[in-house]
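Please open the structure in your viewer and keep the selection tool at hand. The tour goes through backbone angles and then cysteines.

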Amino acid sequence: MMHMWFWFGDNLGSFLLPGYNVITTPGFVCTCVGLSALAILYEGMKILQIKMQQNNVSYIRKQKTNSSENSSLLSKISSRPIGKQFPLQCMCWSMWCLQVFYWSIHTFLGYILMLAIMSYNVYINIAIILGGCLGYWIFGPKLIELNLERFQKRQKFLNCDEECADNIVNQRIGSTVSIIAEQLVTEATVEVHVPREV
């Protein structure tokens, strides 16, 4: 029976999956405990997702740095065998596929919890909320720390004093860049690096 309002009771009938019938009190308690554990796991998976993103970003930055250093040495690039570049691309693709797979599991878990909430059973809702709270209590400080680290890394690029802003306005980009492109780059850079009023 599909409820469209909050209700109390331990007889869920067929719940989430066909064949998974929750009709006894011990089965209902086990379902509540399992959903609480899934909510804790959902919060914990956020940390691993951020770490995987950080690893991918650092790997891509390292590859871009290496490619920009190598691009200035045309002779080394032309004499370099293609086979050495192929494993790096495979590694990049495998890291990306792993991150996509992990994201899909995390999203699937979130939808499972959402569907359980939509049963409108008060006890199920309380179990999931308590599990989410416990998960945030356990993993929240680490999550805040990782987000703060990301924010501080971005802030390093944005902190700029008046001298920095003047240098950016007065700098010239090279003769190979058109005047319009030079103006766009300068305006965008000044907009990002404008010093804060103290």
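## Two loops and the cysteines

Keep in mind throughout that this is a predicted model. Select Tyr 120 to begin, and check its surroundings: at 24% relative accessibility, this tyrosine counts as partly exposed. Tyr 120 sits in the loop that runs between α3 (85-117) and α4 (122-158), and its backbone deserves a look, since phi there is near 65°, a positive value in a residue other than glycine. As background, most residues other than glycine have a negative phi.

Next, move to Leu 16, which is found in the loop between β1 (13-14) and β2 (21-22). Here too the residue is not a glycine, and yet the phi of Leu 16 is positive, at about 65°. With the surface displayed, Leu 16 should appear partly exposed, its relative accessible area being 39%.

Now turn to the cysteines. How many disulfides does a search of the whole structure find? The search finds zero. To follow this at one site, select Cys 32 together with Cys 30 and display their sulfur atoms: the cysteine sulfur closest to that of Cys 32 belongs to Cys 30, and the two are 9.4 Å apart, which is too far for a bond, because a disulfide requires a pair of cysteine sulfur atoms within 2.5 Å. Cys 32 itself counts as buried, at 12% relative accessibility.

As a last stop, select Cys 97: is this cysteine buried or partly exposed? At 45% relative accessibility, Cys 97 counts as partly exposed, whereas Cys 32 is buried.

Key. Residues numbered from 1 in each chain as written. Predicted model: local features only at pLDDT ≥ 70, side-chain atom pairs only at ≥ 80, totals over all residues. Heavy atoms only, no water. Helix = DSSP H or I, 4+ residues; strand = E, 2+ residues; numbered from the N terminus. Buried < 20%, exposed > 50% of the residue type's maximum accessible area, 1.4 Å probe, protein only.
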